[in-house]
Amino acid sequence: MKDDARLEQMAATLAVDGYHLTVEESGAGFDVRITADPETCGDCLVPKKILVTMLQPILGVDADAIRLTYPNDSQPAVGPE
Amino acid sequence: MFDRILDPTGLSVRPAGAASDARRLPSLAGARVGLLDNTKQNAALLLAEIGELMASRYGAVVTIRRTKEMFALPVDEPLLSEMKAACDVVVVGVGDCGSCSASAVADGITFEREGIPAAVICSDAFAVTARAMAEVHGDADFDFLMTPHPVAVLNPEQVAVRAGELLDVVVARVSEEGR
């Protein structure tokens, strides 16, 4: 079961670094999106694997039910591979 | 040769439900203190001030000061081994953002599990992240120390004041003194 109070705390913590958390229920899981203010410290966000692990007890689901999107995920690749 | 490799995410070091407290020192007199700063603004200065106070008021000796290469990543094996060999207690900080507070707590738990009492300093704005990381590492009750956010904007005089405010809890965290 989703713990809204802890989710709000997590959102407030992320906001201190300039990140914004949105969570939407999607089927049996959750779509979690992190967006960033301009010039936000890119290294201040924990790696995805860690944030998913942190979110599991808060959202009350297993890791595979959390689809996490980070700010850079939507940016096109730059330059040749 | 290293006897093991640390997962850079910190997630493999997670014995479920394992408390991580190392044995506290009965006294800090003569104790070797390690300072591990994470490159965050004022971290090195704050730890240096705390180290000086531990020396002048409790007779400890700062024997090693190191800076992590990346604040968001847990301490690596070579640095862990070096600090284990050089100090009896360690002060880690400053968790002044989401990733570095989580990483600082992970470092503290790692040191404790290696038998080194660790005082981890985080700013209070990141208590949620720090606590969540402690849970991830199977030690939800890990006792990190909090100081008001932010630390980065303080001037040197304010950092010195902050160090004085933290001294007693740092000492109580790593030793029996002041408990």
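**Exercise 1. The core and one of its members**

Find which residues touch the most other members of the largest nonpolar core in this predicted model, then list what Val90(B) contacts beyond its neighbours within four places in sequence.

*Solution.* Start with the core itself, which holds 70 residues. Within this core, the most other members are touched by Val90(B), Val91(B), Val92(B), Val105(B) and Val120(B). Now pick Val90(B) and set aside its neighbours within four places in sequence. What remains is contact with Gly34(B), Leu36(B), Met83(B), Phe111(B), Ile116(B) and Ala118(B).

**Exercise 2. The sheet of chain B**

Work out the strand order of the open sheet in chain B, name its edge strands, and look at how β3(B) and β4(B) pair.

*Solution.* First, read across the sheet: its 5 strands follow the order β2-β1-β3-β4-β5, and the pairing is parallel. Next, look for strands that pair on one side only; these are β2 (61–67) and β5 (145–147) of chain B, the edge strands. Then consider the turn from strand to strand: with direction ignored, neighbours in this sheet are at 20° to each other on average. Finally, zoom in on β3 (residues 89–95) and β4 (residues 118–123) of chain B, which pair in the parallel sense over 5 bridges. Here Val91(B) has Ala119(B) of β4(B) opposite it.

**Exercise 3. The sheet of chain A and its helices**

Describe the open sheet of chain A, then place α1(A) and α2(A) on the strands.

*Solution.* Begin with the order, β1-β2-β3, for 3 strands with mixed pairing. The edges are β1 (19–26) and β3 (66–69) of chain A, each pairing on one side only. On average, neighbouring strands of this sheet are turned by 15° against each other, again ignoring direction. Now take β2 (residues 29–36) of chain A: this strand and β3(A) pair in the parallel sense over 4 bridges. One bridge joins Asp31(A) to Arg67(A) in β3(A). Add the helices last. α2(A) packs on the sheet, where it touches β2 and β3 of chain A, and its direction makes about 135° with that of β3(A). α1(A) lies across β1 and β2 of chain A and runs at about 150° to β1(A).

**Exercise 4. Where the chains meet**

Count the residues in contact between chains A and B, and characterise the side that chain A contributes.

*Solution.* The count comes first: 17 residues of chain A are in contact with 14 of chain B. On chain A's side, the elements giving two or more residues are α1 (4–16) and α2 (48–59). Sorting this side by residue type gives 11 nonpolar, 3 polar and 3 charged.

How values were computed: Residues are numbered from 1 along each chain as its sequence is written. Chains are lettered from A and ligands numbered from 1 in the order in which they are written. This is a predicted model: local features need pLDDT of at least 70, side-chain atom pairs count only at pLDDT 80 or more; totals for chains, interfaces and linings use all residues. Two strands pair if DSSP finds at least two bridges between them. Axes are lines fitted to C-alpha atoms, for helices over the stretch in contact, and angles run from 0 to 180 degrees between N-to-C directions. Two residues are in contact if their C-beta atoms, placed from the backbone, lie within 7 Å. Ala, Val, Leu, Ile, Met, Phe, Trp, Tyr, Cys and Pro count as nonpolar, Asp, Glu, Lys and Arg as charged, and the others, Gly among them, as polar. A nonpolar core is a set of buried Ala, Val, Leu, Ile, Met, Phe, Trp, Tyr and Cys residues joined through C-beta atoms within 7 Å. A residue is buried if 20 or more other C-beta atoms lie within 10 Å of its own, exposed if 12 or fewer, and partly exposed in between; C-beta atoms are placed from the backbone.
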